[in-house]
Structure formats: C-alpha cells, structure tokens
Amino acid sequence: SEVMAKVKALIKEGNIRRLSIINKEGKTVIEVPLTVGVVSAVIAPVLAAIGAAAALLTECTIAVEREDS
C-alpha cells in the first residue's frame, strides 16, 4: 500500500525517533518508537502492524519525530 511504501522509505532514512499513524479523527492508531540501527528482523513485525492498521483506515496521517541533529 501507499502507507507501507512511505513508512519503509522513512525507516531507510534512518534518522527517525518515533513514527505514528493517526486516523482522520486525529486519534493515534499506532505509535512505534524507532532507534538508530534497528535490524530488519525487529522491524518486520512493526511493518506488519503498521500495514494492518493502515489497511483498516481509509484516510490516515503519518507523523514522524526525527532525531536531533
């Protein structure tokens, strides 16, 4: 899905501290803390959860908290 593609691209950037999926009512559906050096074995279940949440939503927003430079 479009949400999963965007999430994967954001994770590849590597400077994300936290990722949230917010529904159209403004409620956080899923919030995932991410750390530098997250391995793919750990991130796979996170992506599955994000994909499941996104599949249930018709409209959503991806909120990103980035690491301080």
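Glutamate 31 is partly exposed, at a relative accessible area of 45%, where partly exposed covers the range between buried (under 20% relative accessible area) and exposed (over 50%), with a 1.4 Å probe and protein chains only. It's a good way into this structure, a predicted model in which local features need pLDDT of at least 70, side-chain atom pairs count only at pLDDT 80 or more, and totals for chains, interfaces and linings use all residues. Residues are numbered from 1 along each chain as its sequence is written, and side-chain values use heavy atoms, leaving out hydrogens and water.

**The overall layout**

The chain has 2 helices and 3 strands, and from the N terminus on these elements run α-β-β-α-β. Both kinds of element are DSSP runs numbered from the N terminus: helices are H or I with at least four residues, strands are E with at least two. Of the 69 residues, 28% count as buried. The chain exposes about 4,600 Å², with carbon and sulfur atoms supplying 55% of that; the areas come from the Shrake-Rupley method with a 1.4 Å probe. Take the contacts (heavy atoms within 4.5 Å) between residues at least 6 apart in sequence, and 61% of them join residues at least 24 apart.

**Strand S1 and its partners**

Strand S1 spans residues 16-23 and is mostly covered, with 6 of its 8 residues buried. It pairs with strand S3 (residues 60-66) through 7 bridges, running antiparallel; two strands pair if DSSP finds at least two bridges between them. One of the bridge partners here is arginine 66 in S3, matched with isoleucine 16. S1 also runs antiparallel to strand S2 (residues 28-33), joined by 5 bridges, and there leucine 19 has valine 32 as its bridge partner.

**The hairpin turn**

Between S1 and S2 the hairpin has 4 residues, and in it glycine 26 takes a positive phi near 90 degrees. Which strand holds asparagine 23? Asparagine 23 is found in S1, and it is buried at a relative accessible area of 15%. A polar atom of its side chain lies 3.1 Å from the backbone nitrogen of glutamate 25. For the backbone nitrogen of lysine 27, the distance to a polar atom of the asparagine 23 side chain is 2.9 Å. Polar contacts here are pairs of N or O atoms within 3.5 Å; within protein, one must be able to donate a hydrogen and the other to accept it, and residues adjacent in sequence count only if both atoms are side-chain atoms.

**The charged network**

Now back to glutamate 31. How many salt bridges are there? The count comes to 3, where a salt bridge is a side-chain nitrogen of Lys or Arg within 4 Å of a carboxyl oxygen of Asp or Glu.

| Acid | Base | N to O distance |
|---|---|---|
| Glutamate 65 | Arginine 17 | 3.4 Å |
| Glutamate 31 | Arginine 18 | 3.7 Å |
| Glutamate 65 | Arginine 18 | 3.8 Å |

In the last row, glutamate 65 in strand S3 and arginine 18 in strand S1 are 47 residues apart, so the pair links distant parts of the chain. Arg17, Arg18, Glu31 and Glu65 are linked in a network of salt bridges. As for exposure, glutamate 65 is partly exposed at 34% relative accessibility, arginine 17 is partly exposed at 31%, and arginine 18 is partly exposed at 28%.
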